[in-house]
Amino acid sequence: MKICTNMKERIEQLQKKINQVKIDSKETLEQFRIQWLSKKSELQDLLSGIKNVVPKERKSVGALINKLKEEAEEKFNNYKEKFKETAQTQQLPDSYLPGQPIQLGSRHPLNLVAVQINTIFQSLGFSLADGPEIEDDWHNFSALNFPPEHPARDMQDTFFVDDEIALRTHTSSVQVRLMETQKPPMRYIMPGRVYRNEAISARANCFFHQAEGLYIDKKVSFADLKQVLFEFVRQMFGAECKNRFRPSYFPFTEPSAEMDISCFICGGKGCPVCKQSGWVEILGCGMVDPQVLSNSGHDPETYSGYAFGMGIERITMLKYSINDIRVFFDNDIRFLKQFI
Ligand code: PHE
């Protein structure tokens with residue numbers, strides 16, 4: 001009799017416990033199965049204890065245990081069904097629905113043009129090189145014939161880090177680094193970002209990009225320089241684009257020149273972009289000054305060379321008729337997505 005009351009109490013306790021179990025995932029459902037429905041479960045334990053119940057009570061106690069087992073099974077099956085449904089709806093999306101459109105990015109126009117410049121010069125035998133944007137005085141100025149206090153340093157307003165270190169004002173610093181470490185013949189194209197302390201306007205920004213060219217060998221002449229630049233302009237702007245060289249001055253080239261091309265916008269007739277002249281400047285160039293050659297360890301009696309440097313923003317603005325340099329750095333998606 002005693003055993004029977006204990007059994008009933010235990011059954012009631014277990015029933016409460018089973019009702020309280022919270023099932024909210026496949027994992028908790030599996031735990032429920034192991035705890036209540038497996039061979040080692042408490043319910044099974046209870047069933048095997050039935051032989052100790054007095055015979056006349058055995059039937060009713062057995063019925064109670066079976067009822068409890070059924071309830072546990074029902075609870076398990078309900079949740080099993082529920083999780084199956086959600087799993088099925090997750091696994092089987094309607095394959096006839098139209099797909100989500102993929103947003104394609106586009107190349108930045110400066111990158112497009114930089115790659116084009118590199119490709120043209122690589123096809124002419126130049127190798128790619130680069131150098132640091134934070135540069136010392138020697139590589140940015142002194143080795144390139146800008147003596148201290150020389151007024152030519154004012155041509156390029158500089159962001160100084162300290163007395164010796166500055167953000168490079170031109171990619172010509174990479175020329176020096178290459179000449180110091182390589183033996184002629186050497187032929188390099190060097191794209192990169194440069195910095196100048198200028199007021200920001202439609203025509204100027206405090207940083208921009210240049211591509212520098214350098215060729216050092218025996219018997220390099222100004223004619224070689226012109227030939228390479230003619231070919232560059234032909235490939236970049238087309239065969240109908242005219243060009244001209246004007247004498248100029250840079251401390252590190254002698255003689256020096258600037259190259260103009262016929263204005264792309266007005267075709268040479270005169271417009272605000274070319275300031276009514278019909279020509280626009282695209283680069284500076286010249287023969288590497290003998291002093292610069294010896295500064296970087298080469299005998300100017302044996303070797304000569306040419307160098308040129310162009311602004312990538314300027315070339316891009318001409319190519320795509322863009323009249324404000326600031327649009328390159330605004331990150332306005334309406335502007336950027338026009339370039340593929
Ligand atoms: N470094 C010059 C500039 O930034 C351009 C240049 C490069 C001129 C190489 C001559 C030779 O204006």
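Q: In which strand does Pro255 lie?
A: In this predicted model, local features need pLDDT of at least 70 and side-chain atom pairs pLDDT of 80 or more, whereas totals for chains, interfaces and linings use all residues. Residues are numbered from 1 along each chain as its sequence is written, and side-chain values rest on heavy atoms, without hydrogens or water. Pro255 is joined to Glu254 by a cis peptide bond, with omega about -5 degrees. The strand that holds Pro255 spans residues 253–262 (strands are DSSP runs of E, at least two residues, and helices runs of H or I, at least four, numbered from the N terminus), and this strand is β7.

Q: Between which two elements is the loop that contains Pro185?
A: A cis peptide bond, with omega about 0 degrees, joins Pro184 and Pro185. Pro185 belongs to a loop, and the elements on either side of this loop are α7 and β4 (186–195).

Q: What is the phi of Ser321, which is not a glycine?
A: Ser321 is placed in the loop between α10 (312–320) and α11 (333–336). Although Ser321 is not a glycine, its phi is positive, at about 50 degrees.

Q: How many residues apart are Lys17 and Glu42?
A: The structure holds 12 salt bridges (a side-chain nitrogen of Lys or Arg within 4 Å of a carboxyl oxygen of Asp or Glu). One of them pairs Lys17 with Glu42, whose closest N and O atoms are 3.6 Å apart. Lys17 is in helix α1 (residues 2–20) and Glu42 in helix α3 (residues 42–48), so the pair links distant parts of the chain, with a separation of 25 residues.

Q: How far is a polar side-chain atom of Arg196 from an oxygen atom of the ligand?
A: Of the 15 residues around the ligand (each with a heavy atom within 4 Å of it), His170, Ser172, Arg196, Gln210 and Glu212 come nearest. An N or O atom in the side chain of His170 is 3.1 Å from a nitrogen atom of the ligand. Ser172 places a polar side-chain atom 2.9 Å from a nitrogen atom of the ligand. For Arg196, the distance from a polar side-chain atom to an oxygen atom of the ligand is 2.9 Å.

Q: Which element gives the largest share of the shell around the ligand?
A: Two or more residues of the shell come from each of α7 (172–181), β5 (207–217), β8 (279–288) and β9 (304–311). The largest share is three residues, and the element that gives them is β9.

Methods:
A polar contact is a pair of N or O atoms within 3.5 Å; within protein, one must be able to donate a hydrogen and the other to accept it, and residues adjacent in sequence count only if both atoms are side-chain atoms.
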